[in-house]
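Visitor: Could you walk me through this model and show me how to read its features?
Guide: Gladly; let us look at it together.

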Amino acid sequence: MKLTLVMAMTADGKIARHNRHFPNWTGRADKRMFKQLTTEAGVVIMGAGTYETIGKPLSGRLNVVMTRHPDRFQPAENLWITADSPERILSELEARGYAAAALTGGATINSLFARAHLIDEMVVTISPVLFGEGLSMFSEPIHAALDLKSMREIEPGVVVVHYAFRYDATTLPSQ
Ligand SMILES: NC(=O)c1ccc[n+]([C@@H]2O[C@H](COP(=O)([O-])OP(=O)(O)OC[C@H]3O[C@@H](n4cnc5c(N)ncnc54)[C@H](OP(=O)(O)O)[C@@H]3O)[C@@H](O)[C@H]2O)c1
């Protein structure tokens, strides 16, 4: 199972101003890329906070929504509400025949997967805006290094950077 973190951030490293800030600042090209990458993967995994910000399942993909309180969500097509751990979610997806999944935030859920060393790659859109406040990509300390795979400008001023994760302590720069 290949897990790719797909996120957008400001040039000062923020993913949102607050925990219900709808990501409408990332630009059209990012939206198109997000749809393409997540549709190719077939699965988006997100936290309850992000799901509530979006307000409905994303069409054409299995939406896995992580919550400690599954009863508070209504069932819907393409929606799997779960209190399972990241490891169990990925093995269940594999059992269902998925070879890849996109992890799509927010900070809390990203941290659960990074802490368990389950994120293989990261595609980050850097938008030419500043918030000066708000959420980072992770909500707790993470120890990982990244290998650059590619970078490109997808619309004027908007850059996408693609990294592979490296968790091996012997190869990490001192942090
Ligand atoms: N820029 C981007 O690319 C991007 C992408 C995604 C999201 N965002 C933004 O990020 C913000 C949301 O991030 P967030 O960190 O507040 O929320 P989040 O990570 O989406 O979801 C957090 C929620 O997950 C649930 N959860 C499930 N398992 C958990 C566990 N083991 N420990 C703790 N919580 C667990 C909890 O809800 P329960 O109380 O239901 O258990 C918790 O409140 C929004 O503003 C959104 O727009 C930005």
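What follows is a short tour of a predicted model, from its ligand site to its backbone.

Visitor: Let us begin with the ligand. Which residues come nearest to the ligand?

Guide: There are 28 residues around the ligand, and those that come nearest are His 21, Thr 50, Thr 67, Arg 68 and Arg 72. By class, this shell holds twelve nonpolar, 13 polar and three charged residues.

Visitor: Which polar backbone atom is 2.6 Å from an oxygen atom of the ligand?

Guide: That backbone atom belongs to Arg 68. A polar backbone atom of Gly 49 is 3.1 Å from a ligand oxygen. From the side chain of Thr 108, an N or O atom is 2.7 Å from an oxygen atom of the ligand.

Visitor: How much of the ligand does the protein bury?

Guide: Taken alone, the ligand exposes 940 Å², and the protein buries 84% of that. The space the ligand takes is the largest pocket. Strand E1 (2–10), helix H2 (48–54) and helix H4 (107–115) are the elements that each give two or more residues to the shell.

Visitor: Now for burial in the protein itself. Is Phe 73 buried or exposed?

Guide: The cut-off for buried is under 20% relative accessible area. Phe 73 has 12%, so Phe 73 is buried. Its place is in the loop between strand E3 (62–66) and strand E4 (79–82).

Visitor: And what about a charged residue, Glu 121? Where does Glu 121 lie?

Guide: Glu 121 lies in strand E6 (residues 121–127). Glu 121 counts as buried because its relative accessibility is 10%. Its side chain is joined to that of Lys 2 by a polar contact of 3.4 Å.

Visitor: How should I read the backbone angles?

Guide: Start from the general pattern: most residues other than glycine have a negative phi, and most peptide bonds are trans. Against that background, Asn 78 has a phi near 60°, a positive value, and His 117 also has a positive phi, near 60°.

Visitor: Where do Asn 78 and His 117 lie?

Guide: Asn 78 lies in the loop between E3 and E4, while His 117 is in the loop between H4 and E6. Asn 78 is partly exposed at 35% relative accessible area, and His 117 is partly exposed at 43%.

Visitor: Which peptide bond is cis?

Guide: The bond from Gly 105 to Gly 106 is cis, with omega near -5°. Gly 106 sits in the loop between strand E5 (100–103) and H4.

Conventions. Residues numbered from 1 in each chain as written. Predicted model: local features only at pLDDT ≥ 70, side-chain atom pairs only at ≥ 80, totals over all residues. Heavy atoms only, no water. Near = heavy atom within 4 Å. Polar contact = N/O pair within 3.5 Å; in protein donor to acceptor, adjacent residues only side chain to side chain. Areas by Shrake-Rupley, 256 points an atom, 1.4 Å probe, with all protein chains shown as cover. 1 Å grid on protein atoms, 1.4 Å probe; cavity = no way out; pocket = protein on both sides within 12 Å on 5 of 7 lines; lining within 4 Å. Sits in = over half its atoms within 2 Å of the grid points. Helix = DSSP H or I, 4+ residues; strand = E, 2+ residues; numbered from the N terminus. Nonpolar A, V, L, I, M, F, W, Y, C, P; charged D, E, K, R; others polar. Buried < 20%, exposed > 50% of the residue type's maximum accessible area, 1.4 Å probe, protein only.
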